[in-house]
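Notebook open, coffee at hand. Let me walk through what I looked up in this one.

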Amino acid sequence: MFYSQINTRLKKSAEGVTVRLRQETFTPSELPESLIRYVIRTREQVILDDASIENLFSEDEYLRQRGPRSVLCLPLVKQAKLVGVLYLENNLAPRVFTLNRLTMLELLAPQAAISLEHAQLYADLARLNAELTQENSERKKAEEALRASEERLQDIIDNTSAVIFVKDLKLRFILVNHEFERRHGVERDQILGKTDFDILPYDVAEGVRANDRRVIEGGEPIQFEEAVPWAGGKRSYVSAKFLLRDQTGKPYAVCGIATDITALKHAEEMQAAIAREQEMFARQRVSELAKANEALRGCLDALASVPELDDFLGQVMAAITRQLDAVSSSLRMLNLEQNTLTLELVFQDGRVMSPAEASYPESSRSLSPDEQGVATFLDQPTTVMHILDPRSPIAEAQRSYLLGLGIKTLLIIPLSSGGQVNGRLDFRFTEERTFGPEELEIARALATQASLAIQLTRLAKTARQSAVLEERNRLAGEIHDSLAQSFTGIAMQLELAQEEMVGNEGGPLGYIRHAHETAKFGLAEARRSVHSLRSSVPRESGFVTVLQSLVERSNLAGRLRCDFRSNRIPEESLPATVQHQLLRIAQEAISNAVRHAKATIVTVTLRWDPPNLILQVTDNGSGISSARLEKSDGVGLGSMRDRAAQIDANLEIQTAAGHGTSIIVTVPIA
């Protein structure tokens, strides 16, 4: 007993990965014989996720010597008959044969079984043809020996079993071989210059000449199957026809080589039943795949044309329902908070509607997934329920409702995302239906589209919520960095004015004027917050000028001195976002120094150290201890960190209790 095995080799090099296939015949000692005999005997598939681990076939000599990691052996069965065994192994990694790959192999196994039978048939025919070819070759040698003096070309064509002829472009014979003469019962002198009408019935001759004209018009070789009358009946030929061209490439004739395939045709007729079965299977397969393709295309069309993803979910349901030839369908979604399967949508009467519109029984709109019948539906890939069967696990109210709609069969498919069940689809049919494996597989594939639609809908809702939250946080930061800090300055100015007025010292009017200017600046910042998508740095003033103005405006006579230093800054190379965020970080750092550190001197330095722009704000305030810095969760420091992250900057805080604080922001400028 021998087995045929195909080995696949992959070689990785600088040019890429090379895949090589080689087919050889092996003896049982070169295969895991015990495993293969087990599959042949039981007709059950065997999967060894890791053959190196102890298993039923660990003592097999082949497995011990070769040491494959992943093994799959699959019986090839056709019409309850074992026609072969598919053995696959992988020597590199365990668990190679996943569920998806196994499912695909199971789908291909029937085709492989049919192909094996056809391969045996073709092998037998090839053997017969080889024997005939051998006989013809011997006859050809004998004829060549007898006609050695004749023209070489005529010798060749006269000593072949094929029928060979040459016609001019007007389809008149200019050369025929001996086989042609024998088959048609004419001498070559009698046929030269004549046409097919002179030796064949009119309808047969017209068909042969039509094939000749196709070759002339197309300019490419074409192979035809032609039937020609014979004394003992009709003979079938495979005719390969091609143009003959002169040295300039211009065609001057059409040549035909016809091989008698009558014996092969008889063999094909003997296999007619098998061929019809294969054709029926292929048609069913194509029909189902066409339905699946149409449904997938409809889902994509819906995604492109439906403006709201909620509507897209309904469109997907409608498309799948139509492609499965169901009359209606329903969608249930798993509510994790309430632990219920809630009826969300119903596709009925050609449109998507709510459960209330469909008059669905209220008692059946929410089901507990823990119920025995419901849990069974969710655990199975598909469930077919016959409504008229009193043993079907369905609530009586729901059964009466469906029977009222004329529903007799229910196809239930659970929906999942990330390996977790998140709902189920019910498809309704008005006739008693059974479903083949192909139909159920395609139905599951289509249901995956519904899962995708659900996921897209949820993601869209989450994205909208995240966008609203992000915008609220951004506005909070803007208000804190602009309005709150400006009005903090106003409060400080007025507080100083109050102290001066109480002590009757100095002139409080200066503080009030300063407070007035700060208030005007706060008002401007309020307007800027409304239009925060625009840069806050005026184009006519420039970034350095605005930053210097901010520092100078923070001075408080007798209480706070703010200094500003800068070198040559390439303002034209600074993105507007970088200018905006650095301005706000400086403003926040000054505000923190005044409000929290009680600083009396603040120095703001802006320097260009290619390719980095460095902003440093240093104060002589109370500083922050390491413990307080780690626990600090105030809006100020958090806002500065967020702003630095938005411009890919590095923010460093150098501080210690009683030694002041330095905020250093380093921005790489491309």
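How far apart should the ends of helix α16 (residues 576-595) be at 1.5 Å a residue, and how far apart are its end C-alpha atoms? I expected 28 Å for its 20 residues and found 29 Å between the end C-alpha atoms, which agrees. The expected span is 1.5 Å times one less than the number of residues.

Before going on, I note that this is a predicted model, where local features need pLDDT of at least 70 and side-chain atom pairs count only at pLDDT 80 or more, while totals for chains, interfaces and linings use all residues. Numbering runs from 1 along each chain as its sequence is written, and side-chain values use heavy atoms, with hydrogens and water left out.

**Entry: α16 again.** I checked burial next, with buried meaning under 20% relative accessible area (1.4 Å probe, protein chains only). In α16, 17 of the 20 residues are buried, so this helix is largely enclosed by the rest of the structure.

**Entry: the whole protein.** I counted 18 helices and 22 strands; these are DSSP runs, helices H or I of at least four residues and strands E of at least two, numbered from the N terminus. Of the 670 residues, 39% are buried. I took contacts as heavy atoms within 4.5 Å: among those between residues at least 6 apart in sequence, 55% join residues at least 24 apart.

**Entry: second largest pocket.** A pocket here is an open set of points on a 1 Å grid over the protein atoms alone, with protein on both sides within 12 Å along at least five of seven lines, and lining residues have an atom within 4 Å of a point. This one has a volume of about 700 Å³. Of its 27 lining residues, I find Asn129, Leu132, Ser161, Thr259 and Asp260 closest to the centre. Helix α3 gives the most to the lining, 10 residues. I also noted α5 (178-184), β10 (251-260) and α8 (262-270) among the elements that each supply at least two.

**Entry: second largest cavity.** A cavity is a set of grid points where a 1.4 Å probe fits but cannot get out, and I count 2 of 30 Å³ or more. The second largest holds about 170 Å³ of space. Of the 15 residues that line it, Phe165, Phe180, His184, Glu226 and Val228 are closest to its centre. Strand β6 gives the most to this lining, with 3 residues. I see α5 once more, as one of the elements supplying at least two residues here.

Key: Buried < 20%, exposed > 50% of the residue type's maximum accessible area, 1.4 Å probe, protein only. Points joined across faces, edges and corners; volume = space filled by probe spheres on them.
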